[in-house]
Amino acid sequence: MSYNNILLASHGTPGACAAEVAALNLSDSDLYHLIVIPDFWKGMMGDDWLNNAITQIDYGNYLEAELKQEVEINIQRVSAAAAERNINYNLELLQGKPTECLLKVADSHNFDLIVIGSTRPKSETGLNSRMDCKKILANLSIPLLIIPNV
């Protein structure tokens, strides 16, 4: 089974990487890669534990650079894999609430399928998913494929 126009929500975690592989394997022609930087990162300056403005600014700059590097690595990995398979790669980078961003992008195009990774198992360390699968399922009119975290 293959699809012409897939929306992939991915951000580089193990579950998201499993979704990337699945989306690439299912895609015939167009892959639309959505990366959402959750809004809780906005303005994170460490002001609850850093005690002067210069240190807070330095920390904010460091954090922003780290996030940028992670996003660039993700983009390079997925776009290179798409190019190897002659799949058209499109990118949408948004900041906000992941569920709302996914629904907004899903409504803006004529996708055949949406692919996301499953939530992180409790036994693994890392950030918890901010996707609200119940809300997504209640508001989508196209198929959603949730790939298990392997």
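Reader: Hi! Let's start with H3: which strands does it lie across?
Author: H3 lies across S1, S2, S3 and S4, and runs at about 145° to S2. Axes are lines fitted to C-alpha atoms, for helices over the stretch in contact, and angles go from 0 to 180 degrees between N-to-C directions. Helices (H or I, at least four residues) and strands (E, at least two) are DSSP runs, numbered from the N terminus.

Reader: And what sort of model are we looking at?
Author: A predicted one: local features need pLDDT of at least 70, side-chain atom pairs count only at pLDDT 80 or more, and totals for chains, interfaces and linings use all residues. Residues are numbered from 1 along each chain as its sequence is written, and side-chain values use heavy atoms, with hydrogens and water left out.

Reader: Thanks. Which residues of H3 are buried?
Author: Pro-98, Thr-99, Cys-101, Leu-102, Leu-103, Val-105 and Ala-106 are buried in H3. Buried means under 20% relative accessible area, exposed over 50%, and partly exposed in between (1.4 Å probe, protein chains only).

Reader: What covers them?
Author: The cover of the buried H3 residues includes S1, S2, S3, S4 and H4.

Reader: Let's zoom out. How many helices and strands are there?
Author: The chain has four helices and five strands. Along the sequence they follow the pattern β-α-β-α-β-α-β-α-β.

Reader: In what order do the strands sit in the sheet?
Author: The five strands form an open sheet in the order S3-S2-S1-S4-S5, with parallel pairing. At the edges are strand S3 (88-96) and strand S5 (144-147), each pairing on one side only. Neighbouring strands of this sheet are turned by 20° against each other on average, direction ignored. As for the rule, two strands pair if DSSP finds at least two bridges between them.

Reader: How many bridges join S4 to S5?
Author: Four bridges join strand S4 (residues 113-117) to S5, and the two run parallel. One bridge partner pair is Ile-116 with Ile-146 in S5.

Reader: Then H1: which strands does it touch?
Author: H1 packs on the sheet and touches strand S1 (3-9), strand S2 (27-38), S4 and S5. The direction of H1 makes about 160° with that of S2. Contact means heavy atoms within 4.5 Å.

Reader: What about S1, is it mostly covered or mostly open?
Author: Mostly covered: six of the seven residues of S1 are buried. S1 is joined to S2 by six bridges, running parallel, and Ala-9 stands opposite Leu-34 in S2.

Reader: Changing topic, how many salt bridges are there?
Author: Two. The rule asks for a side-chain nitrogen of Lys or Arg within 4 Å of a carboxyl oxygen of Asp or Glu.

Reader: Where does Arg-77 come in?
Author: Arg-77 meets Glu-20 in a salt bridge, at 2.8 Å from N to O. This pair links distant parts of the chain, with Arg-77 in helix H2 (residues 53-84) and Glu-20 in helix H1 (residues 14-26), 57 residues apart. Arg-77 is partly exposed at 33% relative accessibility, whereas Glu-20 is buried at 4%.

Reader: And which side chain does Lys-135 meet?
Author: Lys-135 meets Glu-100, at 2.6 Å from N to O. Here too distant parts of the chain are linked: Lys-135 is in helix H4 (residues 133-139) and Glu-100 in helix H3 (residues 98-108), 35 residues apart. Lys-135 is partly exposed, with a relative accessible area of 33%, and Glu-100 is partly exposed at 34%.

Reader: How many disulfides does the structure hold?
Author: Zero, by a cut-off of two cysteine sulfur atoms within 2.5 Å. Cys-17 is partly exposed, at 23% relative accessible area, while Cys-101 is buried at 8%.

Reader: I was also eyeing Ile-75; what is it in contact with?
Author: Leaving aside neighbours within four places in sequence, Ile-75 is in contact with His-33, Ile-35, Tyr-89 and Leu-91. Ile-75 belongs to helix H2. The C-alpha atoms of Ile-75 and Ile-35 are 8.7 Å apart, with their positions 40 residues apart along the chain.

Reader: Last one: what share of the chain's residues counts as buried?
Author: Of its 150 residues, 37%. Among contacts in the chain with a separation of 6 or more, 78% come from residues 24 or more positions apart. The accessible surface comes to about 8,900 Å², with 52% belonging to carbon and sulfur atoms. Those areas come from the Shrake-Rupley method with a 1.4 Å probe, and for residues only the protein chains shown count as cover.
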